[in-house]
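Biologist: I should like to request a close look at a single part of this model. Please begin with the whole chain, and then turn to the part I shall name.

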Amino acid sequence: MAQLPLATVHGLFHIAIKTADLAATRYFWTKIIGLKDMHRPDFGYPGAWLACPQPGGLGIIHVYAGGPALGPEGKAPYGTAAIDHVSLSCSGFRSYIERFKKAGLDWREFEVPGTTLWQLFVYDPSGVQLELTFEGSIEGDERPDMSPGRVYVPGASFFKPATYPKLLEPA
């Protein structure tokens with residue numbers, strides 16, 4: 001059996017912004033800030049991946065519009081509420097799941113269409129959604145669970161403050 005990676009954070013992978021105006025948001029980040037458009041997988045809703053212009057620059061701003069960007073009122077939020085999640089580049093997919101289970105945390109799993117990227121989604125105690133992004137080709141044969149109730153659904157919150165576990169350092 002192959003040795004799987006231990007749970008490790010490698011760096012910030014991206015932030016994701018919800019928008020009501022994809023064209024204006026893309027213009028701001030590319031023409032004013034200086035990021036460049038890069039290929040974005042077809043998630044079934046509009047959006048953009050915007051990258052640093054230097055060679056090898058990662059997609060650091062992910063923008064999406066349409067259904068998943070709309071809140072309960074049917075409108076994309078403004079201000080910091082428009083930031084959907086923070087993504088960290090990681091390894092150790094299965095190790096993180098074990099950590100979540102041990103802490104009593106709920107999580108979601110996803111495979112990015114047309115790529116080898118795997119993702120885990122989890123919330124911090126303040127309700128900030130984290131996306132942990134993994135290179136699936138080194139994470140073993142057991143793929144992410146894409147079944148209903150476990151698969152990540154963009155725009156659908158699974159944060160429940162009333163049942164969030166107490167996370168305390170052991171005495």
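Biologist: How many Å² does the accessible surface of the chain come to, and what percentage of it belongs to carbon and sulfur atoms? After that, please examine helix H2 closely: which of its residues are buried?

Modeller: This is a predicted model, in which local features need pLDDT of at least 70 and side-chain atom pairs count only at pLDDT 80 or more, while totals for chains, interfaces and linings use all residues. Residues are numbered from 1 along each chain as its sequence is written, and side-chain values use heavy atoms, with hydrogens and water left out.

The accessible surface of the chain is about 9900 Å², and 60% of this belongs to carbon and sulfur atoms; such areas come from the Shrake-Rupley method with a 1.4 Å probe, and for residues only the protein chains shown count as cover. Of the 171 residues, 40% are buried, where buried means under 20% relative accessible area, exposed over 50%, and partly exposed in between (1.4 Å probe, protein chains only).

The chain contains two helices and eight strands; these are DSSP runs numbered from the N terminus, a helix (H or I) having at least four residues and a strand (E) at least two. Starting at the N terminus, their order is β-α-β-β-β-β-α-β-β-β. The radius of gyration is 17 Å, close to the 16 Å of the globule rule for 171 residues, so the chain is as compact as a globular protein of that length. This radius is taken over C-alpha atoms, and the rule is 2.2 Å times the number of residues to the power 0.38.

Now to the helix itself. H2 spans residues 93–103, and its buried residues are Phe 93, Arg 94, Tyr 96, Ile 97 and Phe 100. Seen down the axis of H2, they fall within an arc of 155°, so they line one face of the helix; the arc is that of the directions from the helix axis to the C-beta atoms. The cover over these residues includes strands E1 (8–18), E5 (83–91), E6 (108–111), E7 (117–123) and E8 (129–135). Just after H2, Gly 104 has a positive phi of about 80°.

Arg 94 also leads to a residue outside the helix. Leaving aside neighbours within four places in sequence, Arg 143 is in contact with Arg 94, Glu 111 and Trp 118, contact meaning heavy atoms within 4.5 Å. Arg 143 lies in the segment after E8 and counts as exposed because its relative accessibility is 51%. Between Arg 143 and Glu 111 there are 8.3 Å from C-alpha to C-alpha, although they are 32 residues apart in sequence.
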